[in-house]
Amino acid sequence: MADELILVVEDDDDIQELLEYSLQNEGYRVDVTDRGEEALELIAENRPSLVVLDLMLPGLDGLEVCRRLKKSERTSDVPVVILTAKG
């Protein structure tokens, strides 16, 4: 676990802060963004060990971000946890 990077992609500031705080408390490095396009850029720059992904994002939604991650040979094995308020 030491020094593993988790990317949180969440547009709700309160949820984003809670996840970042909780994961850092457990010893993870955490990147955060509220946009799908930026998430793909961050993943290309520094491949995370895990992506926590909201489905309902402005612009490029989480489902499309997940599709692109799984389609790419470089990132297809990155685990994705879907986090959503969608019923």
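This is a short tour of a predicted model, moving from the whole chain to one residue in a loop.

Start with the whole protein in a cartoon view, where you will find 3 helices and 4 strands, and follow the chain along its sequence to read the pattern β-α-β-α-β-α-β. The radius of gyration is 12 Å, close to the 12 Å that the globule rule gives for 87 residues, so the protein is as compact as a globular protein of that length. If you turn the model along its principal axes, the C-alpha atoms fill a box of roughly 30 × 30 × 20 Å.

Next, show the contacts between residues at least 6 apart in sequence, and note that 65% of them join residues at least 24 apart.

Then switch on the surface, which amounts to about 5300 Å² of exposed area, with carbon and sulfur atoms supplying 49% of it; of the 87 residues, 31% count as buried. Colouring the side chains by charge brings out 9 positive and 21 negative ones, and the centres of these two sets lie 10 Å apart.

Finally, select the loop between helix H3 (62-71) and strand E4 (80-83), and pick out Thr-75 within it. Is this loop residue, Thr-75, buried or exposed? Its relative accessibility is 5%, and because buried means under 20%, Thr-75 counts as buried. To see what surrounds Thr-75, leave aside residues up to four places away in sequence and display Ile-43, Arg-47, Arg-68 and Leu-69, each of which Thr-75 touches.

How values were computed:
Residues numbered from 1 in each chain as written. Predicted model: local features only at pLDDT ≥ 70, side-chain atom pairs only at ≥ 80, totals over all residues. Heavy atoms only, no water. Helix = DSSP H or I, 4+ residues; strand = E, 2+ residues; numbered from the N terminus. Rg over C-alpha atoms; globule rule 2.2 N^0.38 Å. Buried < 20%, exposed > 50% of the residue type's maximum accessible area, 1.4 Å probe, protein only. Contact = heavy atoms within 4.5 Å. Areas by Shrake-Rupley, 256 points an atom, 1.4 Å probe, with all protein chains shown as cover. Lys, Arg positive; Asp, Glu negative; His and termini not counted. Charge placed at Lys NZ, Arg CZ, Asp CG, Glu CD.
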